[in-house]
Amino acid sequence: MTLSLAACGGSGDSAGGGSAEIHVLVYGDAANKVEKQLVATFNKTSKVKAVLDTIPGADYQSKLQTIISGKQAPDVFFNWGGGSIKPYVDAGLLMPLDDFIAKDPGLKSQFLPSVFNTAVVDGKPYGIPMRGTQPVLLFSNKKVLAEAGVTAPRTWDELLAAVKALKAKGVTPIALGGGDKWPTQMWFQYVYDRVAGPDHFQKAVNGDKSVWASADSKKALGMLKELIDAGAFGTNYDSVKFTDGGSPALLASGKAAFELMGSWEYSTLQDAYPDFVKSDLGYGTFPTVEGGKGDPANLAGNTNNFYSVLKTTEHPEAVAEFLKLMYSDEFVKSQLGIGNLPTTANTPKFLDGSASPAYSTYQYDLVKKAPAFQLSWDQAFPPAATTTIHQAVQQFFSGQTGPDAFIAAMQTLPAA
């Protein structure tokens, strides 16, 4: 934990008896330079000063759980919405933001609805979007596809046909960082959405365990097994990781044709394989499923990150003013400058200035038009469910367990 966090004593006056402060706690990573900039902007005009505290990413969730109900609790903190904040809402620690929004409707109206709603819990808003959206897309190597006579698949049947054609060319059809487990989860998220529609998963998150044993659930699992058995992912995907660059390298080198990954895949490849990105990187949406209940325009992934507010803050007016910066022009331009894609209404004005205008515009339009944007399963459920979800998807994919064991595991998950 950083020294600034260790030194803070919650909201109120600073330890030295100087000006009043609000503490803003964020996930420690490269994006912090934008958060530092916005804190500096806020402090130029506010009598109550904002102090930015960071926790290294790997420790963020556990450290937050430790401090959030104690004297070191922040006034404002970073999260993923959904299940990541539900335990804090249930414990009565968070401030509903209805009053803030009543005084400044822009705190809601200036954000895309499919994103803003991720931090609505029990009908009340508890978060303001504060970084960028991260939909999961199907990335491809256009050169490999062309050599195999394959086009980007629009339907599930076309995907299966592409797998067959690519295997015949000696190419692993789909790169998968199965060693990390969460990339494997992405396949479940989309297939379940396309087959059963978004209501199915929302019922599961709300505690309806019966949906996991439904006909739609079993159909989705059958489709996934068909794709796995067709050799779509090769044989050693559980020893490959995204986090060490393994799966992106397969795509960029032409050893694999596709990778299903969050939108951050673009910047990952741009850093490591700029020539590939310039000439041969393709991207598109997840295939449709004939007869499925999910809209082809539905998305899955991380809708955004959010700022939530502790009830214990002694300076709610200052917090409200700070949150207004999250839809300012300065915010949008700064986030685009580091490769993030804000979900504000004013974002389109600045897309031409992003690092990759065509890619940023494509993403923004997808999110804006999405009828539903499903939060990643391991963020939609409470943190205590993560290990069970990851093990269930990994074991089903590897053939260690079948549909019944997967269903049974998912039925043990706590409601969000």
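Which residues lie nearest the centre of the second largest pocket? Let's start there, and keep in mind that this is a predicted model. The ones to look for are Asn117, Thr118, Val120, Gln202 and Phe373, out of 23 residues that line this pocket. Its volume comes out at about 620 Å³.

Where does that lining come from? α7 (113-116), β5 (120-121), α11 (198-205) and β14 (373-375) each put in at least two residues. The largest share belongs to α11, with 5 residues. If you sort the lining of the second largest pocket by class, you get 12 nonpolar, 8 polar and 3 charged residues.

Okay, on to the largest pocket. Here the volume is about 1500 Å³, and 49 residues line the space. Nearest the centre you'll find Tyr27, Asp29, Gln134, Trp264 and Asn302. Several helices give two or more residues to this lining, namely α3 (60-67), α10 (182-196), α14 (265-272), α18 (357-369), α19 (377-380) and α20 (386-398). Of the elements, α14 gives the most, with 5 residues. The class count for the largest pocket is 25 polar, 18 nonpolar and 6 charged residues.

Now for a single residue that I'd like you to click on: Asp53, in strand β3 (residues 49-56). Asp53 is buried, and yet has no salt bridge. How far away is the nearest side chain of opposite charge? That would be Lys36, and the distance is 11 Å. A salt bridge needs the two charged groups within 4 Å, so Lys36 at 11 Å doesn't make one with Asp53. What the Asp53 side chain does have is a polar contact with the side chain of His23, at 2.8 Å.

Last stop, the backbone. Most residues other than glycine have a negative phi. Two residues here go the other way. One is Asp122, with phi near 50 degrees. You'll find Asp122 in the loop between β5 and β6 (124-125), so that's back by β5, which we met in the lining of the second largest pocket. Asp122 is exposed, with a relative accessible area of 60%.

The other is Lys181, where phi is positive at about 70 degrees. Lys181 sits in the loop between β9 (172-175) and α10, and α10 is one of the helices that help line the largest pocket. Is Lys181 buried, exposed or partly exposed? With a relative accessibility of 28%, Lys181 counts as partly exposed.

That's my tour, and I'm happy to go back to any of these on the screen.

Note on methods: Residues numbered from 1 in each chain as written. Predicted model: local features only at pLDDT ≥ 70, side-chain atom pairs only at ≥ 80, totals over all residues. Heavy atoms only, no water. Helix = DSSP H or I, 4+ residues; strand = E, 2+ residues; numbered from the N terminus. Buried < 20%, exposed > 50% of the residue type's maximum accessible area, 1.4 Å probe, protein only. Lys, Arg positive; Asp, Glu negative; His and termini not counted. Polar contact = N/O pair within 3.5 Å; in protein donor to acceptor, adjacent residues only side chain to side chain. 1 Å grid on protein atoms, 1.4 Å probe; cavity = no way out; pocket = protein on both sides within 12 Å on 5 of 7 lines; lining within 4 Å. Points joined across faces, edges and corners; volume = space filled by probe spheres on them. Nonpolar A, V, L, I, M, F, W, Y, C, P; charged D, E, K, R; others polar.
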